[in-house]
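Colleague: Could you take me through one part of this protein in detail, beginning with a strand and its partners, and then follow the chain to whatever adjoins it? I should like the covalent links and ring contacts to be placed in the same account.

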Amino acid sequence: MPEMRKAPKTLLVLAGHSLSVLVPFAQAASAATVLSIGDGDSISVLERGQKLKVRLACIDAPETAQTPFGVASRNQLKALLPIGSTVSLRVQAVDRYGRSVAEVIGKGTVNLAMVQSGNAFVYRQYLGRCDREAYLAAERQAQAQRLGGWAVPGGITRPWDFRRGGAGRRSAAAVPVKGPLSAPVTSPQAAQPSGTKTTCKQIGSFARAQELLRQGYSYLDRNGDGVACEGLR
């Protein structure tokens, strides 16, 4: 067998996520078993006996705080990737959190299916290793059919803008949010608690932390990735 050359690597920075990644130009697909679903663009898998966190490449799903679209996106990914199902990973990068950035192949390309259903947007700046035309065509179709996040005219606030605190967060403001620790509100920002802040340690539950984040307790998401109190996982 001829000697294989090592793939060269290059350093990129993903906008919105502020993720430094090392990207190999060639990476063979590998088989893995789905362990859990984080949100609409992140999962955990078991690969060769090792637990691996995966960030879906080429797409960006609504954040959990973008009620109700973030939860709907996560549920769609769960439907596409049942726990215990076998998938193939086309790894493109490793981000600063140690997650593999990859296209996930189940019954077709899951990343693309998320865009087709309107539950994720095309991450246009980072399509170099995906089929750009296929992803953009899928997004146009979802928009035309007003699926998922496209139910709002023009689409909901893009996740990368939402993380940066961009103007026009109509995705969250369009749907009233209620919770036991706050009065009904129309945006996550309106539910920001005053006075002493409750710490992740005091909350003690990852699920409860996500619930509070959806109610507007945005300070629980320190790195702006749409997940609260990650240390409680």
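**A strand, its neighbours and the links beyond**

Modeller: A convenient entry point is Ser42, whose bridge partner in strand S5 is Arg55. The model is a predicted one, and what follows should be read accordingly. Strand S4 spans residues 42–47, and its pairing with S5 is antiparallel, with six bridges between the two strands. The hairpin of S4 and S5 has two residues between the strands, and within this hairpin Arg48 adopts a positive phi near 55°.

S4 also pairs with strand S3 (residues 30–39), again in antiparallel fashion, through five bridges. Here Ile43 of S4 is the bridge partner of Ile37, and the connection from S3 to S4 is a hairpin of two residues. As for its surroundings, S4 is mostly covered, since five of its six residues are buried.

Following the chain past S5 leads to the disulfides, of which the structure holds two. Cys58 and Cys130 form one of them, with 1.9 Å between their sulfur atoms. The torsion about their S-S bond is about 85°, and the disulfide is therefore right-handed. Cys58 belongs to the loop between strand S5 (50–56) and strand S6 (59–60), whereas Cys130 belongs to the loop between strand S10 (121–122) and helix H3 (132–144); the bond therefore ties together parts that are 72 residues apart in sequence. Cys58 and Cys130 are both buried.

The loop that holds Cys130 brings us to the ring contacts. Four aromatic pairs occur in the structure. In one of them, the rings of Phe121 and Trp150 have centres 5.3 Å apart and planes at 70°, so this pair is edge-to-face. It joins distant parts of the chain, as Phe121 is in strand S10 and Trp150 is in the loop between H3 and helix H4 (159–163), 29 residues away. Phe121 has a relative accessible area of 1% and is therefore buried; Trp150, at 5%, is buried as well.

A further pair is made by Tyr123 and Trp160: their ring centres are 5.4 Å apart and their planes lie at 10°, so the arrangement is stacked. Tyr123 is in the loop between S10 and H3, Trp160 in helix H4, and 37 residues separate them along the chain. Tyr123 is buried, with a relative accessible area of 4%. For Trp160 the value is 18%; because the cut-off for burial is under 20%, Trp160 still counts as buried. Ring pairs connect Phe121, Tyr123, Tyr126, Trp150 and Trp160 into a cluster.

The other disulfide is formed by Cys200 and Cys229, whose sulfur atoms are 2.0 Å apart. The torsion about its S-S bond is about -80°, so this disulfide is left-handed. It links Cys200, in helix H6 (residues 200–203), to Cys229, in the segment after helix H7 (206–215), across 29 residues. Cys229 has a relative accessibility of 4% and therefore counts as buried. With the bonded cysteines numbered in sequence order, the pairing reads 1-2, 3-4.

One contact of another kind may be added: Arg96 lies over the face of Tyr97, 5.9 Å from the ring centre.

How values were computed
Residues are numbered from 1 along each chain as its sequence is written. This is a predicted model: local features need pLDDT of at least 70, side-chain atom pairs count only at pLDDT 80 or more; totals for chains, interfaces and linings use all residues. Side-chain values use heavy atoms; hydrogens and water are left out. A disulfide is a pair of cysteine sulfur atoms within 2.5 Å. Helices (H or I, at least four residues) and strands (E, at least two) are DSSP runs, numbered from the N terminus. Buried means under 20% relative accessible area, exposed over 50%, partly exposed in between (1.4 Å probe, protein chains only). Two strands pair if DSSP finds at least two bridges between them. Rings of Phe, Tyr and Trp (its six-membered ring) pair if their centres lie within 6.5 Å; planes under 30 degrees apart count as stacked, over 60 as edge-to-face and the rest as tilted. A charge sits over a ring if NZ of Lys or CZ of Arg is within 6 Å of the ring centre and within 35 degrees of the ring normal.
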